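Student: Could you take me through one part of this structure closely, keeping to what the coordinates show? I would like the disulfides as the starting point, and then whatever surrounds them.

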Amino acid sequence: MRPAAFITGITGMAVVAGLLLAGEARLGGGTAGEETASAEETATAAADAAPKADERATISDDRAEMIARSVEPAAPPSPYPGDGGAPKPADASQQAETPAGETPSPAAKKAVELARPMADNAGILSFGERRLQLAGIVPTPVDRMCGPAGRQWPCGMMAKTALRLLLRNRSVSCDLETVEWKETVTTACRLGTEDLGSWLAENGWAEPTAGSPLTSAAERARQAGKGLYGDDPRRN
C-alpha cells in the first residue's frame with residue numbers, strides 16, 4: 001500500500017471519529033441542558049412559592065380578622081328578639097326571694113339619717129309634718145295613766161319625756177325606702193347603735209305588738225317593775 005493512501009485513510013478515520021464524538025457530545029449536551037432547564041424551572045417555581053408562605057406569616061390584622069370570621073361557627077339564634085347574646089339566667093337571689101306570680105318589692109329599705117327628731121309620744125317620732133312609728137312596739141299615749149286608784153301617775157307623759165331625754169335633738173338613723181314619705185311610716189330607728197324600739201321595751205316605756213321580737217324584753221321589764229309597770233318615779 002502506498003504511504004499517501006495510508007495517510008489518507010488514517011485521516012478519514014480520524015475525521016469520522018471526531019464527527020461521532022462531536023455528535024455524541026452534542027446529544028449529551030442537549031440532555032444536560034434539558035435537565036438544567038428542568039432544575040431551573042423547579043428552582044423558579046420554589047422561589048415563586050416562597051413569597052406565598054412568607055405572605056401568611058406577615059398577614060395583616062384585618063385579613064386575619066376576616067379569616068377568623070369566615071371559619072367561626074355561626075351563633076345559635078337568640079330566643080329573645082333583639083338580644084344579641086345568649087339569654088342571661090335570672091339572679092338566684094331574685095328567684096329565691098320572689099315567689100312565682102308575685103312581683104319583687106319596688107325598692108329596698110336603707111338606713112337614712114334624720115336630724116332633730118321630736119318625740120310625739122313614746123313610740124312616734126316627728127320631722128315636721130312627717131312621722132315615723134317605731135317598729136315592734138305600741139306607742140304609749142301621752143295621756144295614759146298608770147298605778148292603782150288613788151296613786152295613779154302620768155306614765156304616758158313620763159314615757160314621752162324619757163324618750164325625749166334620750167334623743168336630746170340628736171340625729172337618728174331609720175330604715176326607709178325614701179326620705180320623701182307621707183303620713184306615718186312604721187320602721188326601725190337607731191340612735192347610734194341603740195335601737196329605739198328595743199330601748200323603750202327594755203325600759204318598760206312601751207308595750208310590744210303582737211308577735212314582736214321585743215316581747216321577751218318587755219316581759220322582763222314588767223317583772224322588774226320598770227317604766228309603765230312600776231311606781232311613780234317622781235316619788236322615789
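Tutor: This is a predicted model, and the structure holds 2 disulfides. When the bonded cysteines are numbered in sequence order, the pairing reads 1-2, 3-4.

One disulfide joins C146 to C155, with an S to S distance of 1.9 Å. The torsion about the S-S bond of C146 and C155 is about 70°, so this disulfide is right-handed. Both C146 and C155 are buried.

The other disulfide is formed by C174 and C189, whose sulfur atoms are 2.1 Å apart. Here the torsion about the S-S bond is about 115°, so the disulfide of C174 and C189 is right-handed. Because C174 lies in strand 6 and C189 in strand 8, the pair ties together parts that are 15 residues apart in sequence. C174 is buried, and C189 is buried too.

The C174 and C189 disulfide can be placed within the sheet. Strand 6 and strand 8 pair in the antiparallel sense over 2 bridges, and within that pairing C174 stands opposite C189. The two cysteines that form the disulfide therefore also face each other as residues of paired strands, C174 in strand 6 and C189 in strand 8.

These two strands belong to an open sheet of 4 strands, in the order 1-6-8-9, with antiparallel pairing. Strand 1 (110–114) and strand 9 (194–195) stand at the edges, each with a single partner strand, so one side of each is left without a neighbour in the sheet. On one flank, strand 1 is joined to strand 6 by 5 bridges, the two running antiparallel, and L114 has V172 as its bridge partner in strand 6. On the other flank, 2 bridges join strand 8 (residues 189–191) to strand 9, again antiparallel, with L191 opposite E194 of strand 9.

Strand 6 has two faces: V172, C174 and L176 make up the covered one, whereas S173 and D175 lie on the uncovered one. C174 is thus a residue of the covered face of strand 6, as well as a partner in the disulfide with C189.

The nonpolar core comes next. The largest nonpolar core has 32 residues, of which L114, L132, V172, L196, L200 and W205 touch the most other members. At least two residues of this core are supplied by each of strand 1, strand 3 (124–127), strand 4 (130–134), helix 4 (155–167), strand 6 (172–176), strand 8 and helix 5 (196–202). Helix 4 gives the largest share, 6 residues.

L132 connects several of these parts: leaving out residues up to four places away in sequence, L132 touches L114, G123, I124, L125, F127, C174, L176, W181, V185, T187 and C189. Both cysteines of the disulfide between C174 and C189 are therefore among the residues that L132 touches.

One residue in that list, T187, can be followed from its own side. T187 lies in strand 7 (residues 184–187) and is buried, with a relative accessible area of 4%. Setting aside neighbours within four places in sequence, T187 is in contact with K109, L132, Q133, L134, A135, C174, D175 and L176. C174 is thus in contact with T187 as well as with L132.

Key:
Residues are numbered from 1 along each chain as its sequence is written. This is a predicted model: local features need pLDDT of at least 70, side-chain atom pairs count only at pLDDT 80 or more; totals for chains, interfaces and linings use all residues. Side-chain values use heavy atoms; hydrogens and water are left out. Buried means under 20% relative accessible area, exposed over 50%, partly exposed in between (1.4 Å probe, protein chains only). Contact means heavy atoms within 4.5 Å. Two strands pair if DSSP finds at least two bridges between them. A nonpolar core is a set of buried Ala, Val, Leu, Ile, Met, Phe, Trp, Tyr and Cys residues joined through side-chain atoms within 4.5 Å. A disulfide is a pair of cysteine sulfur atoms within 2.5 Å.
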